[in-house]
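Hello,

Here is the structure I promised to pass on to you. Have a look at it first, and then read on for what turned up in it.

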Amino acid sequence: MKRLTSIVLIFLTAFTVTPDADGEKIVIMHTNDTHSQIDPGNGDMGGLARRKVLIDSIRSVEPHTLLIDAGDAVQGTAYFNLYAGEVEAKGLNALGYDYATLGNHEFDNGMEALANYIRQIDADFVSTNYDLDGTPLDSVISRYRTVSIGGRKIGIIGLNVDPSGIIDPAKSEGVKYQDVYRAANSTAWHLKHNEGADYVIAISHIGYHYDETPDDLEIAEKGNDIDLIIGGHSHTRIEPGTPQGWRLNADKEPVIITQTGSSGKYLGVVTIDTDTDSIQASLIPVDSRLDSRIDPAIIEMTAPYRHGVDSLKSIVIGKTLIDSDDRSDTGIINFVSAFLADRGRQLVPDGRIDLAVSNRGGIRTGMKRGNVTKGAIMEMLPFDNKVEVLEMKGSDLIESLGINAGMGRVSYDRPVTVTMDGNKAVKATIDGKDIQPDSIYRVSTIDYIAKGGDYMEPMTRGNVIAGSSRIMNEDVMDYIVRLPRKTIRNNQTNYFRIIK
């Protein structure tokens with residue numbers, strides 16, 4: 001793919017695809033971060049059955065197609081909580097995925113469960129920068145793959161996020177992270193120069209752009225032999241036809257970067273004209289206009305599982321005054337933080353908690369005004385985290401607050417300010433009172449954060465003094481029942497302030 005002639009954003013309205021008589025084409029369809037969204041989600045977008053309509057339509061007129069997933073196909077709805085990936089695996093097979101890589105959430109049930117999940121799936125999984133020797137994944141994941149299609153040879157590599165700080169070490173035991181730039185560039189070079197690949201595709205789950213960690217932009221700019229990056233992890237909807245969708249590599253040749261957002265709301269399509277080495281990238285909305293063409297077989301396949309999910313959604317436990325599709329809504333974040341403070345006070349004999357720390361990434365859906373059901377809470381907080389209370393030195397707490405000032409991954413239950421000198425926190429307050437470096441503070445959080453998740457490594461220096469025996473969403477359900485009138489209020493106060 002030596003030159004870039006066109007990148008376009010296409011929103012298909014009639015959902016008909018007509019073959020192009022000019023030259024041979026390779027059509028690559030792709031998804032990322034679908035997060036167990038088997039049914040349509042917020043905004044009535046997405047859904048496995050609708051996605052299949054688009055995929056089948058394109059395959060019906062294009063003889064040379066690939067279907068690729070860039071990770072985090074699981075975790076995010078009650079389907080995963082109840083059935084541990086069985087529905088997602090069947091869905092990937094029903095849609096005919098060819099290649100996939102690992103997201104961080106594929107590890108949520110541990111290594112043995114992940115290996116069993118991959119064995120159920122027909123697609124080939126690739127991971128180029130994980131050394132998996134001696135792990136359960138060793139025999140089910142390849143370093144790279146090649147495929148001949150449309151008269152061309154394509155090399156496929158998989159780029160994965162550093163587990164440190166984002167994947168529970170107990171659930172990724174034995175995985176050795178290798179430098180992603182070196183792994184990407186050396187393997188792409190091998191594919192181009194030793195195996196004769198015409199194009200190299202990187203299936204990436206490291207994110208489009210992160211300030212302090214490797215990302216797809218750097219992969220594109222630092223390499224020489226990667227032609228297309230199909231990304232995930234950051235939930236970025238990259239608009240084809242804009243500067244967002246490509247970068248020049250080290251040889252000043254264009255590298256196309258694509259990503260569809262999250263929750264299966266869009267299907268990405270990349271079309272390579274092999275005669276001209278030109279490319280067109282598009283995003284197709286997965287919405288209700290496809291409903292009249294849904295394959296009954298996909299509905300039949302998911303029906304047994306849907307009954308269990310729907311039963312949870314019928315059990316009302318309270319109501320909410322929050323009305324937002326946005327999981328980062330301040331009211332939702334403050335509700336979770338307030339819960340953590342309350343649960344922490346229950347867990348310690350004297351009821352003293354100095355601060356509650358909640359992770360924003362653990363919240364997966366918004367809240368709509370009205371009734372709250374068990375199913376809604378399970379989908380909003382799907383992970384098997386548990387509440388823990390730590391005792392930690394003020395100096396470690398200040399350092400943690402400084403990390404969050406740069407990354408914005410956690411929230412608090414009361415006013416916190418942090419004074420930064422460059423990238424280092426030099427002072428912090430809780431409720432206007434200075435945190436004393438040598439004093440001991442009680443922090444209520446979740447085990448994921450206590451183990452250094454979301455890059456909060458200083459939290460690991462604390463001592464766990466109490467913990468809940470139940471997963472967090474079960475405790476949250478009880479908390480809602482105990483609220484006055486079982487009602488979640490809409491507190492939009494911003495509790496975190498950074499001083500530079």
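**A charge over a ring**

Let me start with a single spot: K222 lies over the face of Y181, and the distance to the ring centre is 4.1 Å.

**How far to trust the model**

Please keep in mind that this is a predicted model. Its mean pLDDT is 93, and 95% of the residues reach 70 or more. Residues 1–21 are the stretch to treat with care: pLDDT stays under 50 there. For that stretch the model has 66 contacts beyond four places in sequence.

**Aromatic rings**

How many aromatic pairs does a search of the whole structure find? There are 5 of them. Two of these pairs share Y479, and I will go through them in turn.

In the pair of F335 and Y479, the ring centres are 5.9 Å apart and the planes are at 35 degrees, so this pair is tilted. F335 belongs to helix α8 (residues 330–347) and Y479 to helix α12 (residues 472–482), so the pair ties together parts that lie 144 residues apart in sequence. Both F335 and Y479 are buried.

The pair of F339 and Y479 has its ring centres 5.6 Å apart and its planes at 65 degrees; because that angle is over 60 degrees, the pair counts as edge-to-face. Here again helix α8 supplies the Phe, F339, and helix α12 supplies Y479, so parts 140 residues apart in sequence are tied together. F339 is buried, as is Y479. Taken together, F335, F339 and Y479 form one aromatic cluster.

**Helix α4 and its surroundings**

Which residues of helix α4 are buried? In this helix, which spans residues 111–119, they are M111, L114, A115, Y117 and I118. These residues cover an arc of only 160 degrees around the axis, so they sit on the same side of α4. The elements that cover them include α3 (86–95), β4 (124–126) and β6 (141–142).

Just ahead of this helix, in the loop between β3 (99–100) and α4, you will find L102. Is L102 buried or exposed? Its relative accessibility is 2%, so L102 counts as buried. Leaving aside neighbours within four places in sequence, the contacts of L102 include L114 and I118, two residues that are among the buried ones of α4. Others in contact with L102 include G71, F107, F125, Y130, L137, I141, N160 and H205. L102 and L159 are 57 residues apart in sequence, while their C-alpha atoms are 8.4 Å apart in space.

**Two open sheets**

One open sheet has 4 strands in the order β23-β22-β21-β27, and its pairing is mixed. At its edges are β23 (433–434) and β27 (496–499), each of which pairs on one side only. Strand β21 (residues 416–421) pairs with β27 in the parallel sense over 4 bridges. To find this pairing on your screen, look for T417, whose bridge partner in β27 is R497.

Another open sheet has 3 strands in the order β18-β16-β26, also with mixed pairing. The edge strands of this sheet are β18 (370–373) and β26 (487–488), and each pairs on one side only. Between β16 (residues 316–320) and β26 the pairing is parallel, over 2 bridges. K319 has T487 as its bridge partner in β26.

**Two positive phi values**

A word of background for this last part: most residues other than glycine have a negative phi. Q75 has a positive phi, near 75 degrees, and is not a glycine. Where is Q75? It lies in the loop between β2 (65–69) and α2 (78–83). With 4% relative accessibility, Q75 counts as buried.

S263 is not a glycine either, and its phi is positive at about 65 degrees. This residue lies in the loop between β13 (254–258) and β14 (266–273). The relative accessibility of S263 is 19%, and because buried means under 20%, S263 counts as buried.

I hope this helps you find your way around.

Best wishes

Key
Residues are numbered from 1 along each chain as its sequence is written. This is a predicted model: local features need pLDDT of at least 70, side-chain atom pairs count only at pLDDT 80 or more; totals for chains, interfaces and linings use all residues. Side-chain values use heavy atoms; hydrogens and water are left out. Two strands pair if DSSP finds at least two bridges between them. Buried means under 20% relative accessible area, exposed over 50%, partly exposed in between (1.4 Å probe, protein chains only). The arc is that of the directions from the helix axis to the C-beta atoms. Contact means heavy atoms within 4.5 Å. pLDDT is the predictor's confidence in each residue, from 0 to 100. Rings of Phe, Tyr and Trp (its six-membered ring) pair if their centres lie within 6.5 Å; planes under 30 degrees apart count as stacked, over 60 as edge-to-face and the rest as tilted. A charge sits over a ring if NZ of Lys or CZ of Arg is within 6 Å of the ring centre and within 35 degrees of the ring normal.
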